[in-house]
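Trainee: I've got a structure open and I'd like to learn how to read it. Can you walk me through a few features?

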Amino acid sequence: MAFTDPQLERYSRHILLKEFGTKGQKKLMASKALIVGAGGLGSPAAMYLAAAGVGTIGLADNDAVDLSNLQRQILHSTPDLGKPKVESGAETLRAINPEVEVRAHQGLVKADNVMELISGYDFVLDGTDNFQAKFLINDACVISRKPFSHAGIIRFQGQLMTYLPGQGPCYRCVFPKPPPPEAIPTCRQAGVIGAMAGVIGCLQALEAIKCLTGMGQPLTGHLLTFEALTMAFRKIKVPGRPACPVCGQNPSITEPQDQEPAAACDLRGPVP
Amino acid sequence: MDLFVAGERKSFGDGITVAELLALENVANPEYVTVAVNDEFVDSPLGSERPLAEGDRVEFLYFMGGGI
């Protein structure tokens with residue numbers, strides 16, 4: 001596949017990077033990334049992946065754009081209020097880069113559809129807002145041997161880790177089971193600084209681009225944490241857990257399962 | 001005895017346990033926190049009587065469920 005002149009110009013700053021070059025750009029253009037959750041984390045991640053020229057981007061979400069989303073979900077704008085997020089998001093991505101094929105997956109990601117959904121992609125980005133979804137995505141990706149990026153944000157804090165099959169711990173190694181519903185404060189109760197979603201979502205996009213092109217060292221075997229009030233990034237080494245119920249030696253979880261609904265980070269509506 | 005708690009050097013009484021450190025550090029929701037000492041996970045940290053030793057590196061890993 002040869003680049004067209006507009007492609008050479010559009011991606012020139014990538015191509016200039018010696019670690020990236022035309023080879024990296026071609027890999028990116030031939031790759032498929034799925035973003036689960038077209039919200040705070042998913043917005044910057046999707047926009048940078050589209051701008052970067054990832055060939056196919058899937059957006060999965062069940063919600064419509066709400067006024068309380070716009071403080072941080074930059075994929076959506078005020079005229080999009082009430083629209084399904086996957087529709088509004090797809091329009092934004094196509095405007096950024098019409099070369100990208102955008103697939104909108106409207107609906108909840110659940111145990112009975114997650115395997116099929118992720119099977120069409122090379123890399124998954126978890127931009128969801130609840131532990132039920134985060135554990136489901138982890139389990140499905142581990143079982144399918146699919147690389148993915150986990151991230152979570154609350155208040156002025158964020159965290160991130162990358163799972164590569166056979167090359168390090170999974171999310172369940174760090175947190176073996178979801179917390180009970182209401183045990184952990186939600187964003188709706190606790191709030192989140194909008195730009196935090198930008199910082200962590202961009203880091204997820206970087207991890208996706210690195211994994212899809214084979215550049216550098218992905219964030220495997222580490223949890224990166226960020227505290228905005230002190231501007232402290234920490235890269236914490238996390239070991240594997242040989243008894244991990246999904247990626248361990250004798251896994252008890254061999255297919256995705258819907259957990260008990262856990263504390264959701266539902267930011268719609270007024271704070272109770 | 002000095003420990004490195006979340007990367008920061010701090011002094012504690014000799015031989016304090018993981019459970020005692022969780023209380024002294026006022027860790028929020030300690031029952032849901034993952035603890036690693038010298039890059040190894042500690043089982044059931046809230047009730048862990050594992051004594052810590054000079055120079056141990058202790059990390060608290062917290063659930064963060066937000067994203068949307």
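**Reading helices, an interface and a hairpin**

Mentor: Sure, starting with a helix pair: α3(A) and α10(A) are roughly perpendicular to each other. Keep in mind that this is a predicted model, with ipTM 0.94 and pTM 0.94.

Trainee: At what angle do the axes of helix α3 and helix α10 of chain A cross?

Mentor: Generally, two packed helices are described by the angle between their axes and the distance between the axes. Here the axes of α3 (residues 21-29) and α10 (residues 194-213) of chain A cross at roughly 105° and come within 9 Å.

Trainee: Which residues in α3(A) and α10(A) meet?

Mentor: On the α3(A) side, look for Gly24(A), Lys27(A) and Leu28(A); from α10(A) come Ile209(A), Leu212(A) and Thr213(A). By class, that contact has 3 nonpolar, 2 polar and 1 charged residues.

Trainee: Now the two chains. How many residues of chain B are in contact with chain A?

Mentor: Chain B puts 16 residues in contact with 35 residues of chain A. Strands β3 (34-37), β4 (40-41) and β5 (57-61) of chain B each supply at least two residues of the side touching chain A. That side of chain B splits into 7 nonpolar, 6 polar and 3 charged residues.

Trainee: How many bridges join β3(B) to β5(B), and do they run parallel or antiparallel?

Mentor: β3(B) and β5(B) run antiparallel, joined by 4 bridges, and Val37(B) stands opposite Val58(B) in β5(B). β3(B) also runs antiparallel to β4(B), through 2 bridges; there Val37(B) has Glu40(B) as its bridge partner.

Trainee: What is between the strands in the hairpin of β3(B) and β4(B)?

Mentor: That hairpin has 2 residues between the strands, and Asn38(B) takes a positive phi near 50°.

Technical notes:
Residues numbered from 1 in each chain as written. Chains lettered and ligands numbered in written order. Predicted model: local features only at pLDDT ≥ 70, side-chain atom pairs only at ≥ 80, totals over all residues. Axes fitted to C-alpha atoms, helices over the stretch in contact; angles between N-to-C directions. Parallel < 35°, antiparallel > 145°, perpendicular 65-115°, else oblique. Contact = placed C-beta atoms within 7 Å. Nonpolar A, V, L, I, M, F, W, Y, C, P; charged D, E, K, R; others polar. Pairing = 2+ DSSP bridges.
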